[in-house]
Amino acid sequence: MNVWVSDAIIKAALAECSRLASDAGSYAHSESNVSSNSSLDGFSSSRRAAWVWVESAVLSGSAQDLVGRRGGSRGGRAAAHPHPADDGKVLTIRVADPESEHHGKVIDIARRHLGAFDVVGEANGGRQGILPANAPGSDSDLPSDLTQLTHLHEPAVVDCLHRRYKMSGWKMYTSSGPILVAINPCKNVPGLYDDCAMRMYWRWGERLANGASSMPSSSSCGFAPPEVGEASPPPHVFAVADSAYRGMMRGLDFSRSSLREEKEGVDCGQVANQSVLVSGESGAGKTVTTKYLMQYLATLSKKVDANHATGRSQKSSIEQRVLQSNAILEAFGNARTLRNDNSSRFGKFIELRFSSRGRLVGASIDTYLLEKARIVGHTCGERTYHIFYEVLAKGSLTSGERKGFFIDDAAATDFAITTSYGGKDKSRLLHNGYDDHAKMFEEVRTAMNTIGFSRSEQMEIVQAVCGLLHLSNFTLQGAFLEINDGEECELNQNNSSLEPVLRLLGVSYEALNAAVTTVQFKAVGELVKKNLNASQAIRAVQALIKGAYDSIFSLLVERVNSCIVGPSVDKEVVDEGGAFIGLLDIFGFESFETNSFEQLCINYCNESLQQQFNRFVFKLEQEEYKREGINWDMIDFEDNQDILELIEKKHGGILTKLDEQCKLGMRCTDRTFVSAVYNTHMSTSKRFSASKKQQSQGKFSIHHYAGVVEYDTNGFMEKNKDEIPMEASELFSNSSCIFIQNIALNLSSKMRGTQEESKKNMMKSSISRVSVGGQFTSQLHKLRRRIDETHPHYIRCLKPNDQLQPGRIDLNIVVDQLRCGGILEAIRVSRAGFPHRYTFDHFYSRFGMLTSALIPSVEIKSSHRPRTVGKLNLGESPATPVKRKAPVSKKQRFDPKKGCETLVKVIAQWILAERKKNIVDTEEVAEDSLSPRSFWKKNQSPQKPQRGNTHTIIDSSAAGIQLGATKIFLLQDTFDSIERVRGQILALNATKISSLARMYLARRAYLAILRSYRESMNRRSLRGGSTQPSETKSEDNSAPRLFDAKLEVFSSKSSYERTNSFATSEQVFEWISIGHGRFMKRESYMAAQTFDTDSVSL
């Protein structure tokens, strides 16, 4: 037997053996200090003490003897007052962890040693110093779902992820109930995202929807495609995308049902709109995951309607444009940071809209908080946005284009915005990719061609980017000449970047000089112009660059949205309704050596999304279980509402205080702002702290859910104002370049805002004071509302190490991300939770057909409504004829709750019996034996069941289904089982309906042939004067041959139908057909024939 032992306990035991018990106590004390101190350089300090577990083999003794009787003792009290009966109890272990420094050592652990863990245990996510380990099986026995672990605790979860990461690439994904845990492999895994893998998950989703059987997820740890075996495919990002798509289609299916039409305004409990929330730290793989989600959904849309192409041509379908839009946004919105070579410096919510038939008809992209400070400066080891390096790369442009953009011999070091600040490169990345900028730029141009950008438009965008490159050199020393004793300045006409700026931006020297060296404002109704000194002019140039680039990014997003929005009016969407799947790719939690306003907004966003995750997984789940009366063990979790109030509270929040200080004007500075924050939160919030040293430097710390982060308020006021000079709009509006003019229009719209805001806040100067914090808070609340209206799916991306090195995993980093993301608590909830729930109406409407399939017809109660399609009753025929009853009034309508009570009992009885049969018979069961009817025929006694058996009490909760006050709750396995049976029933009934329709059409054709044949035989017998058919000519053989062929179709007909078939051709009919549906008596027909003959003779 193996156990997990805290490293602190092992060191305490070893210290005692070495007669250094005092060192063990100091070690525990130092560990406690490390875990509680704030981290000023990221997560390095906390991560050093994150992983504290060592796997060991028990040689003698029992862990329960040490842990079980401790009661509520804590720390040294357990060692100081040991239980008399536990004297001499020792647990002897051998350290089996090969990565531990104590590997192979035999250690005796006594009860007094457990106090070392109590000091650091709660801070490191544990509650006991010794925990049982799962059975050490082979890697193939590892469950793909963490909820299937026998012993569920932090060491077991991390060990399972560690072992799966070391296996093949298909094991990088692990499910945790409703959450997909993805550890970044930091390399390309062959076959993981190709068409074959995509096709496998699409086929498997179709099989589940059509009633295919699936094995439990715990048995799917190996890569076993469905076409090879019955094991379901391993967890994958494609599986999440397919689940979201199938969930959307189920919601649309219910919204089209007649039940929804009868009860308008009633909550159906089934949400058609879906969302996939991808979260994780920078470098965990969020952007790549979102890209493959879009790729799968777009490909699935093509399979739904392979001949459809929305757009200008087949080469530019809506699916292709949606996928290609990602390359443009990455080039202009992603950059290299200390943690990631391709870090998204903005957040985006991609809304993929589908028709009622599941076809992708359009999309839209909302962006959040582009990091504009990175445009004009970045630390050593980082880079600004990719597009600048892509344009400057050799081979991206032709020699003539490079010469026209004045970058013929230029490199990244020749421009200010592509050159990092001085200092030491603190990045520990290996930089495995994103260095081939020429190839990346070619992908951007391909994407622009697909989206619909003309070549001239593309060149104008590159022209604007090159113009900003040259304009950034105006921030260097010598760009401005001081005049009037340094109080004023002007542009240096000898600057080598001046002519390129004027030519590329299409402006004059006078207009550019006035825009960056002067500022205008209104005073007493008059327009006053103020000259700027050199340092102020440099800041004006930086504001001009930031505003222009932000407008470029906004224009590109608008253009992309206009191209992927799809048709303006889609008849299918308007008439029948559609749904959307939202993909959220937003910045992860950040903590650097210096954290400013951007990090506060990013971490505030992560706090809000974490609360949404907590509410969905913990709070709302448990509240609903309690409200519905479901058997449930309440789980404690930490709510971060107090952190959100600390940041966003209407009166007193940090962002609110910042807005108030910005509105007060020039008399308020960063110092006055942070002083107001100190006075408000120092004594009122336990999440806020600031030491004397921090207060002297204008800093404070916030205790986030992911750790303690220190913020430097230097520059908070300026960044929150988002100053946009009016002179910039005027400068660009007179440009000779059309794209530059569009930038001016975008700047003007941002300065004006909406018409309502402009009426309330008339601009009093050339500086438009737009609160970035207020705008971001509004966007975040809108995003939360959109997510709350959908059914969310979660993907937690983890990075294995800070260097993003393939094949190496750092347990300290992994366990820290698991704690920050709330995954461990989510596993506990998912293990006992009910992910699927239906209202009574919806449940009976969808699964009511199972009643007649899971029990014999003699046991069907009369209270159930027959399942009919048109005039065909697809239920079992009643034993006795049913008398026609009077129409039921509305007061006597069917009660769905009573029907669901019976249906739940039937389903629970079938599931429990199925489990019992599987336990007895461990062999693999054929697919047809899993049919509900064959199950009952095989396992039921031939004698009539006794009356007492019908009243057996069935525990539905044991079957994974519970009846609440207003809804039905199902476990995942139970839901999969009944969905499989429902698919089988629908397929069987569809086959029956199809066979009846084909039989009807064949019979009509047969009767037409038979009628024609009889008419021909009758005419020949009358003309030949005999009832025997005359010799048939060669051209008349078609009718008898078709007649014989059609007779074979009815060879399988019942005896009753065969006895009532038509007579042979020798039979003499009283009525004779004369064509066109008219008939004559035989005597009349013969008389008419004789009259015609006589007339001809005359």
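Helices and strands are taken here as DSSP runs, of at least four residues for a helix and at least two for a strand, and they are numbered from the N terminus. With that in hand, the structure can be toured; it is a predicted model. The secondary structure of the protein comes to 41 helices and 30 strands. Of its 1098 residues, 50% are buried. Among contacts with a separation of 6 or more, 73% join residues 24 or more positions apart. The protein exposes about 54,000 Å², and carbon and sulfur atoms supply 51% of that area.

A good place to begin is the interior. The largest nonpolar core has 117 residues, and the members that touch the most others are Phe332, Leu512, Phe732 and Ile743. Helix 20, which covers residues 534–564, gives the most to this core, with 15 residues. Leaving aside residues up to four places away in sequence, Phe332 touches Tyr385, Ile387, Met448, Ile461, Val465, Tyr549, Ile552, Phe553 and Leu556. There is also a second, separate core of 55 residues, which includes Cys601, Ile630, Cys662 and Val709.

Next comes an open sheet of seven strands, with the order 6-7-23-8-17-11-12 and mixed pairing. Strand 6 (173–176) and strand 12 (360–368) each have a single partner strand, so one side of each is left without a neighbour in the sheet. On average, and with direction ignored, neighbouring strands of this sheet are turned by 20° against each other. At one edge, strand 6 pairs with strand 7 (residues 179–183) in the antiparallel sense over four bridges. One residue to look up here is Thr174, whose bridge partner in strand 7 is Val181.

Helix 31 packs on this sheet, where it touches strand 8 (274–280), strand 11 (347–354), strand 12 and strand 17 (579–585). The direction of helix 31 makes about 145° with that of strand 12. How far apart should the ends of this helix be, at 1.5 Å a residue? The 17 residues of helix 31 (residues 772–788) should span 24 Å, because the expected span is 1.5 Å times one less than the number of residues. The end C-alpha atoms are indeed 24 Å apart, which agrees. The buried residues of helix 31 are Val772, Gly773, Phe776, Thr777, Leu780, Leu783, Arg784, Arg786 and Ile787. As a general guide to reading such a list, an α-helix has 3.6 residues a turn, so residues three or four places apart point the same way.

Another strand pair is found further along the chain. Strand 24 (residues 836–839) and strand 28 (residues 967–970) pair in the antiparallel sense over four bridges. Within this pair, Arg837 stands opposite Phe969 in strand 28. In a regular strand the side chains alternate between the two faces of the sheet. In strand 24, His836 and Tyr838 point one way while Arg837 and Thr839 point the other way, and all are buried.

Finally, two loop residues deserve a look at their backbone angles. Most residues other than glycine have a negative phi. Phe406, however, has a positive phi, near 60°. Phe406 sits in the loop between helix 15 (399–404) and helix 16 (437–451), and is partly exposed, with a relative accessible area of 27%. Asn484 also has a positive phi, near 55°. The loop that holds Asn484 runs between strand 13 (480–483) and strand 14 (488–491). With a relative accessible area of 47%, Asn484 is partly exposed.

Definitions and conventions:
Residues are numbered from 1 along each chain as its sequence is written. This is a predicted model: local features need pLDDT of at least 70, side-chain atom pairs count only at pLDDT 80 or more; totals for chains, interfaces and linings use all residues. Side-chain values use heavy atoms; hydrogens and water are left out. Buried means under 20% relative accessible area, exposed over 50%, partly exposed in between (1.4 Å probe, protein chains only). A nonpolar core is a set of buried Ala, Val, Leu, Ile, Met, Phe, Trp, Tyr and Cys residues joined through side-chain atoms within 4.5 Å. Contact means heavy atoms within 4.5 Å. Two strands pair if DSSP finds at least two bridges between them. Axes are lines fitted to C-alpha atoms, for helices over the stretch in contact, and angles run from 0 to 180 degrees between N-to-C directions. Accessible areas come from the Shrake-Rupley method with a 1.4 Å probe; for residues, only the protein chains shown count as cover.
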